[in-house]
Amino acid sequence: MANLFSVKDKVVVMTGAAGILGRTISSYLAGEGAKMVILDRNEEAGNELVNNIKAAGNEAIFLYTDVLNKEVLLQNKKDIIAKYGHIDVLLNAAGGNMAGATIPPEKTIFDLDVEAFRKVVDLNLFGTVLPTMVFAEEMAKQKEGAIVNFSSESALRPLTRVVGYGAAKAAISNFTKYMAGELALKFGPGLRVNAIAPGWIDTPMFHKATDNDPPRLAKIMGRIPAKSVGDPMDVGMCAAFLCSDAARYISGTCIPVDGGALIGF
């Protein structure tokens, strides 16, 4: 029997691939034999990532993108099809947060910067919706494909401070469920849509939030039964599973990668 967990030779398109988590995930998938299409706004970081992947003997290409510009995404799709002929997987990893869309302890909801909130929602939500519209159309034609969106633990249980980010990620979780039904019912059961909800992962973002705030760090660690934050590779391995044929009967779900933090102990 073929290795159902394999991603070898799958054409994997990843937005935000040159970001903090994206670099680890895309490098891991390429190491497992996937043909990685690195989509990002940061051309320098994207090309550096591709060079590193190729130096390890694996395959990748970089294309500049703007996940909020459908015309740019359509050109990306045209270039990918010209190169590989099809698309097997879409990872919607583009996203982020900004200070104005957060509420630090010394402020309240009435201090919220609504424009910053809007920008965070646009980047995270529409930055998932538009690539899905563009690349899933190719999957619909071939009646097969897997989409993995990136939600957040803050979408499943509201976290203090990140009001804009949490709201946007909650919308992505709902959109994931909707698209799982939309694509399978109208274009065939070979199309699957799932999401990953990372908890606290060992990244610069985590350290920025906790290194100078021991009480917050203690509160976070006290809620994680695993007694440690996650490694970016933990998210990468979950993504690899959802990309693979081993997950062929899994769709419309959001998998927390959080060391059990949502248990609530």
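How many of the 8 residues of E6 are buried? In this predicted model, 8 of the 8 residues of E6 are buried, so the strand is largely enclosed by the rest of the structure.

**View 1. Strand E6 and its two covered faces.** Strand E6 spans residues 191-198, and both of its faces are covered. On one side Leu191, Val193, Ala195 and Ala197 are buried, and on the other side Arg192, Asn194, Ile196 and Pro198 are buried as well. In a regular strand the side chains alternate between the two faces of the sheet.

**View 2. The partners of E6 in the sheet.** Strand E5, made of residues 145-150, pairs with E6 in the parallel sense over 6 bridges, and within this pairing Asn149 stands opposite Ala195 of E6. Strand E7 also runs parallel to E6, to which it is joined by 4 bridges; here Ile196 has Ile255 of E7 as its bridge partner, while Ala197 has Pro256 of E7.

**View 3. The open sheet and its edges.** The sheet is open and is formed by 7 strands, which pair in parallel and follow the order E3-E2-E1-E4-E5-E6-E7. Strand E3 (60-64) and strand E7 (254-257) stand at the edges with a single partner strand each, so one side of each is left without a neighbour in the sheet. From one strand to the next, the twist averages 20 degrees. Helix H2, residues 43-55, lies across strand E2 (35-40) and E3, and runs at about 175 degrees to E3.

**View 4. The crossing of helices H1 and H9.** Helix H1 (residues 20-31) and helix H9 (residues 232-243) have axes that come within 9 Å and cross at roughly 50 degrees. Because an angle of this kind is neither under 35 degrees nor in the range 65 to 115, H1 is oblique to H9. The crossing of the two helices is right-handed. On the H1 side the contact is made by Leu21, Thr24, Ile25, Tyr28 and Leu29, and on the H9 side by Pro232, Met233, Val235, Gly236, Met237, Ala239 and Ala240. By class, the residues of this contact between H1 and H9 comprise 10 nonpolar and 2 polar, with no charged residue.

**View 5. The surroundings of Leu125 in helix H4.** Leu125 is found in helix H4, which covers residues 114-142. With a relative accessible area of 18%, Leu125 is buried, because the cut-off for that term is under 20%. When its neighbours within four places in sequence are left aside, Leu125 is in contact with Ala171 and Ile172. Leu125 and Ala167 are 42 residues apart in sequence, and their C-alpha atoms are 9.4 Å apart in space.

Key
Residues are numbered from 1 along each chain as its sequence is written. This is a predicted model: local features need pLDDT of at least 70, side-chain atom pairs count only at pLDDT 80 or more; totals for chains, interfaces and linings use all residues. Side-chain values use heavy atoms; hydrogens and water are left out. Buried means under 20% relative accessible area, exposed over 50%, partly exposed in between (1.4 Å probe, protein chains only). Contact means heavy atoms within 4.5 Å. Two strands pair if DSSP finds at least two bridges between them. Axes are lines fitted to C-alpha atoms, for helices over the stretch in contact, and angles run from 0 to 180 degrees between N-to-C directions. Angles under 35 degrees count as roughly parallel, over 145 as roughly antiparallel, 65 to 115 as roughly perpendicular and the rest as oblique. A crossing is left-handed if the near helix is turned anticlockwise from the far one by less than a right angle, and right-handed if clockwise. Ala, Val, Leu, Ile, Met, Phe, Trp, Tyr, Cys and Pro count as nonpolar, Asp, Glu, Lys and Arg as charged, and the others, Gly among them, as polar.
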